[in-house]
Amino acid sequence: QVEVVESGGGLVQAGESLNLSCTASGRTFSAYTMGWFRQPPGKEREFVAASVWSGGSDIYADSVKGRFTLSRDNAKNMVILKMDNLKPTDTALYYCGADLQGCVHFGCDDLNSYDYWGQGTRVTVSS
């Protein structure tokens, strides 16, 4: 069992920045793909970004490319999503997921790849 915990959400104004953190338990964190997804009000959960296991290239949704950046600290079992130039359309409940199978069955941008999820952290961007 892997415990995933997100933190860092809050209320910001458009154009501001926010950092979300995600930690996952376990001794093989470097082998996890850690994905961020979000669920805007009244909508389906959608892919945001993924930190691919063992040093693979990070991937981003087109809607956040150039504004959001992932960083990873395997020693702390932590991934950080740095969100710059936030827009009201970024308002959502943000979830972090851990994939322990290298996205072998689905893509790393597919929520079905992820075995464990956190409870989510809310981000609200006012105009």
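The exchange below goes through strands, core, aromatic rings and one loop residue of a predicted model.

Biologist: What should be kept in mind about numbering and confidence in this model?
Modeller: Residues are numbered from 1 along each chain as its sequence is written, and side-chain values use heavy atoms, with hydrogens and water left out. Because the model is predicted, local features need pLDDT of at least 70 and side-chain atom pairs count only at pLDDT 80 or more, whereas totals for chains, interfaces and linings use all residues.

Biologist: Which residues form the covered face of strand β8?
Modeller: Strands here are DSSP runs of E with at least two residues, numbered from the N terminus (helices are runs of H or I with at least four). In a regular strand the side chains alternate between the two faces of the sheet. In β8 (residues 78-83) the uncovered face holds Met78, Ile80 and Lys82, and the covered face holds Val79, Leu81 and Met83.

Biologist: Which residue of β8 is the bridge partner of Phe68?
Modeller: Two strands pair if DSSP finds at least two bridges between them. Strand β3 (residues 18-24) runs antiparallel to β8 over six bridges, with Leu20 bridged to Leu81. Strand β7 (residues 68-73) is also joined to β8 by six bridges in the antiparallel sense, and there the partner of Phe68 is Met83.

Biologist: Which elements give two or more residues to the largest nonpolar core?
Modeller: A nonpolar core is a set of buried Ala, Val, Leu, Ile, Met, Phe, Trp, Tyr and Cys residues joined through side-chain atoms within 4.5 Å. The largest one has 34 residues, and Met34, Trp36, Val48, Phe68, Leu81, Met83 and Tyr94 touch the most other members. The elements that give two or more residues to this core are β3, β4, β5, β7, β8, β9 and β11 (121-126).

Biologist: How many aromatic pairs are there, and what is the angle between the planes of Phe37 and Phe47?
Modeller: Rings of Phe, Tyr and Trp (its six-membered ring) pair if their centres lie within 6.5 Å, and planes under 30 degrees apart count as stacked, over 60 as edge-to-face and the rest as tilted. By this rule the count comes to five aromatic pairs. Phe37 and Phe47 form an edge-to-face pair, with 5.5 Å centre to centre and an angle between the planes of 70°.

Biologist: Is Phe37 buried or exposed?
Modeller: Buried means under 20% relative accessible area, exposed over 50%, and partly exposed in between (1.4 Å probe, protein chains only). Phe47 has 14% relative accessibility and therefore counts as buried. Phe37 has 1% relative accessibility, so Phe37 counts as buried.

Biologist: Why is the pair of Tyr114 and Trp117 described as tilted?
Modeller: Tyr114 is buried, with a relative accessible area of 6%, whereas Trp117, at 25%, counts as partly exposed. Their ring centres are 5.6 Å apart and their planes stand at 55°, so the pair is tilted.

Biologist: How far is the charged end of Arg45 from the centre of the ring of Tyr95?
Modeller: A charge sits over a ring if NZ of Lys or CZ of Arg is within 6 Å of the ring centre and within 35 degrees of the ring normal. Arg45 lies over the face of Trp117 at 4.8 Å from the ring centre, and its charged end also sits over the ring of Tyr95, where the distance from the centre is 3.7 Å.

Biologist: Which backbone oxygen does the side chain of Ser113 reach?
Modeller: Ser113 lies in the loop between β9 (92-99) and β10 (116-117), and at 5% relative accessibility Ser113 counts as buried. At 3.0 Å, the side chain of Ser113 reaches the backbone oxygen of Phe106.

Definitions and conventions: Polar contact = N/O pair within 3.5 Å; in protein donor to acceptor, adjacent residues only side chain to side chain.
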